[in-house]
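Colleague: I am new to reading protein structures, and I would like to go through one slowly with you. Could we take it up as a series of questions?

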Amino acid sequence: MTLKNSELPNEFYSQFKMFHEIMSIKVREILLISSPYDAYIMEEDRSLASRIVNEYIGLNLSLPPRVTRTSSGRNALTLLEQKTFEMVITMPNVDDMDAQTLGVKIKAKHPDLPVILLSHSLRSIFPQGEYRKLMGIDKVFIWSGNSDLLLALVKNAEDRLNVDRDTQRAMVRVLILVEDSPQYYSSFLPLIYKEIVKQTQAVLGVGLNEEHRLLRMRSRPKIMLAETYEEAMNLFRKYRSYLIGIISDTRIPRNGKLDDHAGADILAFMKQEIPDLPILMLSSDPHNRMKADRIPAIFLDKNSPNLLIELQDFFLNHLGFGDFVFRLPDRTEIDRASSLRTLELKISRIPDESLLYHASRNHFSNWLMARSEFALASTFRKVQASEFQNTAELRQYIISGLHTVRKLQQKGVVAQFRAQTFDSDIMDFVKIGDGSLGGKARGLAFMSVLLLQHPALLIAYPQVSIQIPKTLVVTTQGFESFIALNHLQYCAKNDFSDQDISEIFLKAEMPEWLVSDLEAFLVQVHYPLSIRSSSLLEDAQFQPYAGLYKTYMIPNNHPDPTIRLRQLINAIKLVYASTYYEDPRSFARNSVSQPQEESMAVIIQQLTGEVYGDYFYPALSGVVQSHNFYPVSHMKSEDGIAHIAIGMGKTVVEGEKSVRFSPRYPRILPQFTTVEDILSNCQRYFYALKVRDYPDALNFDRYANLEKREVDEAQAEYPIRVLSSVYIPDEHRIRDSGHLPGSKIASFASILKHNLFPLPQLLSDLLDLGRKGMGCPVEIEFSVNLGTEDQRKNEFYFLQMRPMATEIDQQDVVITDDDLQKPLCFSRHALGNGKFGSISDIVYVKPLEFQINATEQMADEIGRINAMLSREKRPFLLIGPGRWGTADRWLGIPVQWRNISGVGAIIELKNSQIHADPSQGSHFFQNITSLGIPYITVAEDSDDTLDWKRVEAYSSVQETRYIRHVRLDHPVIIKIQGKKSIGVIYELNP
């Protein structure tokens, strides 16, 4: 018998949301009414407000209230009409009316406003010495100069205001204090509050992060003060299901008269009703210890010089705030647990008799209550140890519950990495350092929160595990410490080559504190890792810096841990080095930022995939976007577009051959119209990580340590067999079965046609979720592991989410008939929006000189022309065939940002020289659109046009083997009508 997620109360899944909502009524404004003399006596060397502030700071509490003082009752009533107060404290001696009259007047207009009477002595209120209830006054407290009382006044008022809602909404616990003497509860209540706050802080001090800890502080037990037997019984009946304990005096009023036995009767009754409820008897008469023993109850002498120490012992050992002490039935201590993690570990080892002893007395439940784990504590309390067939079943039930809660605790939380508490099994997202997570990691953390807030999505796909890979972020503090330690600031201001910067960074020392944490991390983590950039500017809206920084993969399975650590550190250093590479610096010149302002966090992420022979890779990876720039057939732009490929996502993001489809219309594949199209456009290669027989130094310079494999070479491996079709040459047809002999075609027919995995529907839902969450179109990178019938279920992993820049300029652009009379270029596939009139230089690939095997040389020649034009600050129009910026030189010209940093507009030719589909999923494409650079596709088999005669007739500035640079006398006008994807280029003075 195990405890599953579904068996926990629904409240657990919205627990952190509830923590935000509890304690919603706070005492932020206090009205203090006192004579100048009383104020002087109270304040002496410090003001009342400063005393309250100091108490809050001392206990690390938030938002101390402000105090407004007046000496007049009439003025107080006026202030209450002008301003909102959550609490009124009045002294007895007010010059124009007595405290009771003032309280009645206040309650007449503000019946729910707490009114506290604070006096230096009880005799000043009741000259005869007999305390009684006062009309208009909620509580009477005695001021003895103890500033702890001020904290107790505020917190007790907040508890009474919030207790009903917080117990019902979040199962917050209640501690009842039964005491009728203002002198005693004025001294005792501050002791309890201070102790309960300190103990709660100690318990939650190991929280996942600071926000987690502060939110859980709100869930500390509420303290309800009862002054009579009847009040105590009413509180018991009302909050019975939420009680954590009760503390009571023995001599309290019952039926309007002091009764020496009323307190003991209350404790005896409650003990009978709830046998495992911790109860404490207070008395100034030591003879009452015998009454306590008969109940039984813990006894404390009010006059004991060790009262505070004895009270701490009650909180630690009976209310569950200390270690969980494992005992045998004879009370012999055998072990201790200080956290949920150690509790789970040690429950698996304790003897059966100890397990039964604690389980049958709800000790586990009480201990969990003190740690605000209300859902699990309540679940444990509802189950009796006798319901289990044997102790093994009981033990497994408790362990599975603790483990489930520990995992669920982590969802949507970025925890601080601590070597001594890190648990790779349950911690999904942790960070090292106090700096920024960077843009990419922020997107991941946000998606984690979105998934937590929308459990319906997970329920809709029961056969798919939707998750974010386990992630460790080295915050920007690591980068800044590394740069400062090695005095590398100069690298941001000098024009070093990428190779020079890499060598400088690899020789530099990593901060010792960071090395120590990384070493502790690798002790528990042995799966392959992806080392990814997460700069401050990365994935920002309208300037995402997509793909400009480096990512490296490491197998992380070397038998020597020192080599594993060195491989990880070198990968981090190389990601750091890429901050100062030429491509991001070139991109920065086109954006508002400067490269020296950049700072880099690093994501160390579980690499998704499975081992197949010597290699590790996911079944498929891809990119999906909310906005489709090139819709065809029934598609609409807002339907989105996806690109998928077998293996690592490098294939897609670098613009190599992949399958493109709309999640709404997965069977419409324009690039797979005929058998010839399929054979020409299908994926032939994929990337995988070698996890066996690799060099110790790895191959960071070659495919970021990945291997480029042929699909046919891996045709026996499960993903290839499942996701491929087979070309039958004799029939000149393609069959949707990868199990047949023949050449494998990565068609993904099993998913797009035969619904092996609900990828199209899932992507549509995720795009909707991402768009609502970010408030704009989004781009999501993902990977998929395919399960088998006899193994785990399918796994979908979020790798990244960033905003898309689809509507940078909202101005309406009108393309007139005159514009279309003699256009230099016209296209129905234009990206961007606006009118541009600053370009008079054109750089183009000479059509007659084009050779598909020379595209890399063309990129270099364009780079030299770009450098000259950039120095002269002359933007240019770039024209050429195929995909610009692709990593596959057979699909287009593989320019990098350094080669085109000064470009003002781009024309991509889709013709017989290179008939490649536009690559919307590449990082290059994302950066082009984010900068608002017009990107125009001209297809020769359509009504798109480019007037080559005019282009070649322009005056030549320079010419290389493959590239020609021409200049016009006047700038050309470029108009892009973004809503219709229409673009036109014409001369201002033809």
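**Backbone and packing, step by step**

Modeller: D693 counts as exposed, because its relative accessibility is 68% and anything over 50% is placed in that class. Please keep in mind throughout that this is a predicted model.

Colleague: Where is D693 found, and what is the approximate value of its phi?

Modeller: D693 sits in the loop between β27, which covers 685–690, and β28, which covers 707–710. Although D693 is not a glycine, its phi is positive, at about 55°.

Colleague: H487 also has a phi to look at; is H487 buried or exposed?

Modeller: H487 lies in the loop between α20 (476–486) and α21 (498–507), and its phi is near 55°, a positive value in a residue other than glycine. Its relative accessibility is 57%, and because the class begins over 50%, H487 counts as exposed.

Colleague: Which two residues does a cis peptide bond join, and what is omega there?

Modeller: The place to look is the loop between α11 (289–294) and β12 (298–301), where P296 is located. The cis peptide bond joins I295 and P296, with omega about -5°.

Colleague: How are α15 and α16 oriented towards each other, roughly parallel or roughly antiparallel?

Modeller: The axes of α15 (residues 363–370) and α16 (residues 374–382) come within 8 Å and cross at roughly 165°, and the crossing is left-handed. Since angles over 145 degrees fall in that class, the two helices are therefore roughly antiparallel.

Colleague: Which residues make the contact of α15 with α16, and how many of them are nonpolar, polar and charged?

Modeller: From α15 the contact takes F364, S365, N366, L368 and M369, while α16 brings F374, L376, A377, S378, F380 and R381. Sorted by class, this contact of α15 with α16 has 7 nonpolar, 3 polar and 1 charged residues.

Colleague: How is α18 oriented towards α29, roughly parallel or roughly perpendicular?

Modeller: Here the axes of α18 (residues 438–453) and α29 (residues 759–774) come within 11 Å and cross at roughly 110°. An angle from 65 to 115 degrees belongs to one class, so α18 is roughly perpendicular to α29.

Colleague: Which residues meet where α18 and α29 cross, and how many are nonpolar, polar and charged?

Modeller: The crossing of α18 and α29 is right-handed. In α18 the residues are F446, M447, L450 and L451, and they meet L769, G770, G773 and M774 in α29. By class, the contact of α18 with α29 has 6 nonpolar, 2 polar and no charged residues.

Colleague: Is Y962 buried or exposed, and how many angstroms separate it from F850 in space?

Modeller: Y962 is in the loop between β41 (955–959) and β42 (963–977), and it is buried because its relative accessible area is 5%, under the 20% limit. Leaving aside residues up to four places away in sequence, Y962 touches several residues, among them Y844, V845, K846 and M858. Y962 and F850 are 112 residues apart in sequence, while from C-alpha to C-alpha their separation in space is 6.5 Å.

Colleague: Are C682 and C776 buried or exposed, and how many disulfides are there?

Modeller: C682 counts as buried because its relative accessibility is 1%, and C776 is buried too, with a relative accessible area of 7%. A disulfide needs a pair of cysteine sulfur atoms within 2.5 Å, and by this rule the count of disulfides is 0.

Note on methods
Residues are numbered from 1 along each chain as its sequence is written. This is a predicted model: local features need pLDDT of at least 70, side-chain atom pairs count only at pLDDT 80 or more; totals for chains, interfaces and linings use all residues. Side-chain values use heavy atoms; hydrogens and water are left out. Buried means under 20% relative accessible area, exposed over 50%, partly exposed in between (1.4 Å probe, protein chains only). Axes are lines fitted to C-alpha atoms, for helices over the stretch in contact, and angles run from 0 to 180 degrees between N-to-C directions. Helices (H or I, at least four residues) and strands (E, at least two) are DSSP runs, numbered from the N terminus. Angles under 35 degrees count as roughly parallel, over 145 as roughly antiparallel, 65 to 115 as roughly perpendicular and the rest as oblique. A crossing is left-handed if the near helix is turned anticlockwise from the far one by less than a right angle, and right-handed if clockwise. Contact means heavy atoms within 4.5 Å. Ala, Val, Leu, Ile, Met, Phe, Trp, Tyr, Cys and Pro count as nonpolar, Asp, Glu, Lys and Arg as charged, and the others, Gly among them, as polar.
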